[in-house]
Amino acid sequence: MNFVTLVYIFLSLVGIIFFYIKWKQSYWSRRGVDYIEPDFFFGNTTAITKRTKHRSKVFESFYRHFKSKGQKFGGVYDFLKPVFIVTDLELIRNILQRDFSHFVNHVGFINEDADPITGHLFNLKNDKWKNIRSKLTPTFTTVKIKMMFDTMTQCIKGLEKILDQNAALNDPVDIKKYMLLFTSDIITSVAFGLDVDSLKNPKNDFRKHFANVFKPSFKSLVKKFISENLPRWFLVAVKFRMTRKTAEDFFVKVVKDIVEHREKHSVYRKDFMHLLIQIKNTGETTDNENLNSNSTIKHLSYGEMAAQAIAFYVAGFETSSTTVCFALFELALHSDIQNRLREEIQSVMKKHNNQITYDGIMEMEYLDLVFKESLRKTSTASAISRECNKEYSIPGTDVVIEQGTEILIPIHGLHNDPEHFPEPDKFDPERFNEENRKKIPPFAYLPFGEGPRNCIGLRFGKIQSKVGIVAIISRYKVTLNAKTQQPIKYASNRVPTIEGGMWLNLEKLSN
Ligand code: HEM
């Protein structure tokens, strides 16, 4: 083959790739849906890829774009993948609730055979999801969460010790760092049944393996691109993995060792792992100590158990710690709200022997308003995602959403829309008092999602976050340290965090 032929082949290939990308990125115009002009190849998410803007802000800009044009929905591209953005509350209701059977799944690659730990609740699809979700739902009832409350209060002691040391030295604290370790310890304890004490030993094996699996990197970005753009049958055939085999081996072994130990010695611990063992052995949970380890039929494999425990950890620890941090940030900026909250906390704790108790937390009404408003102003989830599993005609239009299309509901857009929340930049817990909460339109406030696929750990996340807020506000006066950037800019992590850290001064209160 001579040089000129090679040049022709090369130019033809470049031409084919160019036209293929152009064709892929003309999807929305071909379907008659309004869209935002994409960057060639990168689509509309270049700022997320380049880490110049947080994903929640990018999604919020999509929401504002279509809302300002009076559009109920519109199209964007994540690289070559079309993504359907929704702004209209009625359509959101249809997707999350009324017509849920068309939008059962989250977006996410799953390959349970070759990569078992991708088979967690968040990723599972269709009937498999329905089956596991119905088995896991009883693990999150009030009774079971109450059972695990002691674990949360145990972890407060380690947190207080470290924060007291900083307060005594007048050292500002990057609160995110400690809250991450605090919630990580709680979830590791209740999901895996392990006391790793990250507050004392932040670099423990457990956290290292999690960081390896879930830390965003160039490699994870490439894997995401591959999983979204190559056919599923091909990826399954080549045993494509999203996670590392070493991580799978580590977590499956941890779970297997715990289960075998507990079954052999009939160990009872009030945690999710106990409930997962009951499900493995009988297909359901009970409120007793029985593990039923003699049963012959197993309803969950070790891989499936590890996957669920990992999902609880991943979905639970950073969401809760971020919620606590942004609540503390707002309280640091609003001393009047902080004082009122502290008065409530102290008066309720007095009734409960000056202890943080489950019933006490449930009695704190103003705390609930602060918690809700904090999640309104800074939701930890950037968007609710769904994948269309059955073709859907949007009522009142000619537009049909095809099977496989990714749907995105930008939470920050909704929560900061002045039509739903007047003066959205203002931190005002009273939006959620009994009188005002009636004015919030249904489906405009979605910190935990909605419908059958909402957050399964909602109650646990709420109580865990509230425990964190109460532990700090009952003990310290909180102000913002000058090291915290103002105005704040989000770092490029998955959940919102402040670039440079969230630095607070903690002044220990006299008893
Ligand atoms: C303040 C804390 C939390 C927030 C803000 C939060 C938020 C969310 C959101 C927005 C979703 C997606 C819902 C949807 O698609 O409609 C979700 C799903 C989920 N969350 Fe949470 N979450 C929190 C705490 C927790 C905790 C503590 C756990 C577990 C112990 C947990 C476990 C899960 C799981 C497993 C899912 C997937 C559910 C499914 O696909 O069926 N979350 N969460």
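This is a short dialogue on reading the ligand shell and the salt bridges of a predicted model.

Q: Let's start with the ligand. How many residues surround it, and which are the closest?

A: To find a shell, look for residues with a heavy atom within 4 Å of the molecule. Here 28 residues surround the ligand, and His106, Arg133, Arg386, Arg453 and Cys455 are the closest.

Q: Which side chains make polar contacts with oxygen atoms of the ligand?

A: Look for pairs of N or O atoms within 3.5 Å. Histidine 106 places a side-chain N or O atom 2.7 Å from a ligand oxygen, and arginine 133 has such an atom 2.7 Å from a ligand oxygen. For tryptophan 129, the distance from a polar side-chain atom to a ligand oxygen is 2.9 Å. Among the elements giving two or more residues to the shell are helix H6 (126-136) and strand S4 (383-387). The largest share, 6 residues, comes from H15.

Q: What is the chemical make-up of that shell?

A: Sort its residues by class: 13 are nonpolar, 11 polar and 4 charged.

Q: Now the salt bridges. What does the one between aspartate 164 and arginine 475 tie together?

A: With any salt bridge, check the distance, then where each partner sits. The closest N and O atoms of this pair are 2.7 Å apart. Aspartate 164 lies in helix H8 and arginine 475 in the loop between H20 and strand S8, so the bridge ties together parts 311 residues apart in sequence.

Q: Is aspartate 271 buried or exposed?

A: Buried means under 20% relative accessible area, so aspartate 271, at 0%, counts as buried. Its salt-bridge partner, arginine 269, is partly exposed at 22%.

Key: Residues are numbered from 1 along each chain as its sequence is written. This is a predicted model: local features need pLDDT of at least 70, side-chain atom pairs count only at pLDDT 80 or more; totals for chains, interfaces and linings use all residues. Side-chain values use heavy atoms; hydrogens and water are left out. A polar contact is a pair of N or O atoms within 3.5 Å; within protein, one must be able to donate a hydrogen and the other to accept it, and residues adjacent in sequence count only if both atoms are side-chain atoms. Helices (H or I, at least four residues) and strands (E, at least two) are DSSP runs, numbered from the N terminus. Ala, Val, Leu, Ile, Met, Phe, Trp, Tyr, Cys and Pro count as nonpolar, Asp, Glu, Lys and Arg as charged, and the others, Gly among them, as polar. A salt bridge is a side-chain nitrogen of Lys or Arg within 4 Å of a carboxyl oxygen of Asp or Glu. Buried means under 20% relative accessible area, exposed over 50%, partly exposed in between (1.4 Å probe, protein chains only).
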